[in-house]
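Dear colleague,

I am passing on the structure we spoke about, with the sequence alongside. Please have both open while you read the notes underneath.

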Amino acid sequence: MLMTILSIIANIAYFIVLNINIYTDRAMMPTGEVREWQRSPIARLSIADQSFLLYLQIFLAAVSVITSVLFLFGVRSRMIRIIQLVSIIGSTIVFIIIMIVTANSHAKYA
């Protein structure tokens, strides 16, 4: 029961972190001035053309939340439990990968 509630809270926290403006991008513009942008990890994924990671995160989070809600409503199937564990582990791994990819991507503008 505690695992199901924690998985729902974890997936909500992942999406909150993915939408916070964490990164500052600086680029030299053609006019010679330096411009700064505040970007979230989701914005950086789209700039780096890695949007499939976001879609994978959304899919795994949705599966995790749905199976957690089913488990909370009394569906006590072993298969539901296995799917829930795999999806929360997968969601956590993809979240970590997204954070690593966005930290190492740098936008270049011409």
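What follows goes from the whole chain to its helices and then to single residues.

Please keep in mind throughout that this is a predicted model. The chain holds four helices and two strands, and from the N terminus on these elements come in the order α-β-β-α-α-α. The radius of gyration is 18 Å, well over the 13 Å that the globule rule gives for 110 residues, so the chain is more spread out than a compact globule. The spans of the C-alpha trace along the principal axes are about 65 × 20 × 15 Å.

Of the 110 residues in the chain, 34% are buried. The accessible surface amounts to about 6,800 Å², and carbon and sulfur atoms contribute 70% of that surface. If one takes the contacts in the chain with a separation of 6 or more, 60% of them are between residues 24 or more positions apart. As to charge, the chain has 8 positive and 4 negative charges, and the mean positions of these two sets lie 18 Å apart.

Helix α4 covers residues 78–103, which is 26 residues, and the distance from its first C-alpha to its last is 38 Å, close to the 38 Å expected at 1.5 Å a residue. The buried residues of α4 are Ile80, Gln84, Ser87, Ile88, Gly90, Ser91, Val94, Phe95, Ile98, Met99 and Thr102, and the elements that cover them include α1 (2–19), β1 (23–28), α2 (41–47) and α3 (51–72). Ile93, also in helix α4, is partly exposed, with a relative accessible area of 46%.

Helix α3 can be described in a similar way. Its 22 residues should span 32 Å at 1.5 Å a residue, and its end C-alpha atoms are 32 Å apart, which agrees. The buried residues here are Leu53, Leu54, Gln57, Leu60, Ala61, Ser64, Thr67, Ser68 and Phe71, and these pack against α1, α2 and α4. After α3 comes Gly74, which has a positive phi near 105 degrees.

Two residues of α3 may be worth following in the viewer. Gln57, in helix α3, has a relative accessibility of 0% and therefore counts as buried, the cut-off being under 20%. Leaving out residues up to four places away in sequence, Gln57 touches Asn11, Tyr14, Phe15, Leu18, Ser91, Val94, Phe95 and Ile98. The C-alpha atoms of Gln57 and Ser87 are 9.7 Å apart, with their positions 30 residues apart in sequence, while those of Ile93 and Gln57, 36 residues apart along the chain, are separated by 9.1 Å.

Leu53, likewise found in helix α3, is also buried, at 8% relative accessibility. Not counting residues up to four places away in sequence, Leu53 touches Leu45, Val94, Ile97, Ile98 and Val101. Leu53 and Arg81, by contrast, are 28 residues apart in sequence and 24 Å apart in space, C-alpha to C-alpha.

The loops offer two further residues to look at. Ser40 sits in the loop between β2 (34–39) and α2, and its relative accessibility of 9% means that Ser40 counts as buried. With neighbours within four places in sequence set aside, Ser40 is in contact with Leu18, Asn19, Ile20, Asn21, Ile22 and Tyr23. Seen from the other side, Asn19, which belongs to helix α1, is in contact with Ser40 and Ile42 once its own neighbours within four places in sequence are left out. The C-alpha atoms of Asn19 and Arg44 are separated by 11 Å, and these two residues are 25 residues apart along the chain.

Is Asp49, in the loop between α2 and α3, buried or exposed? With a relative accessible area of 64%, Asp49 is exposed. The backbone of Asp49 also deserves a look, as its phi is near 60 degrees, a positive value in a residue other than glycine. Most residues other than glycine have a negative phi.

With best wishes

Terms used: Residues numbered from 1 in each chain as written. Predicted model: local features only at pLDDT ≥ 70, side-chain atom pairs only at ≥ 80, totals over all residues. Heavy atoms only, no water. Rg over C-alpha atoms; globule rule 2.2 N^0.38 Å. Buried < 20%, exposed > 50% of the residue type's maximum accessible area, 1.4 Å probe, protein only. Contact = heavy atoms within 4.5 Å. Areas by Shrake-Rupley, 256 points an atom, 1.4 Å probe, with all protein chains shown as cover. Lys, Arg positive; Asp, Glu negative; His and termini not counted. Charge placed at Lys NZ, Arg CZ, Asp CG, Glu CD. Expected span 1.5 Å × (residues − 1).
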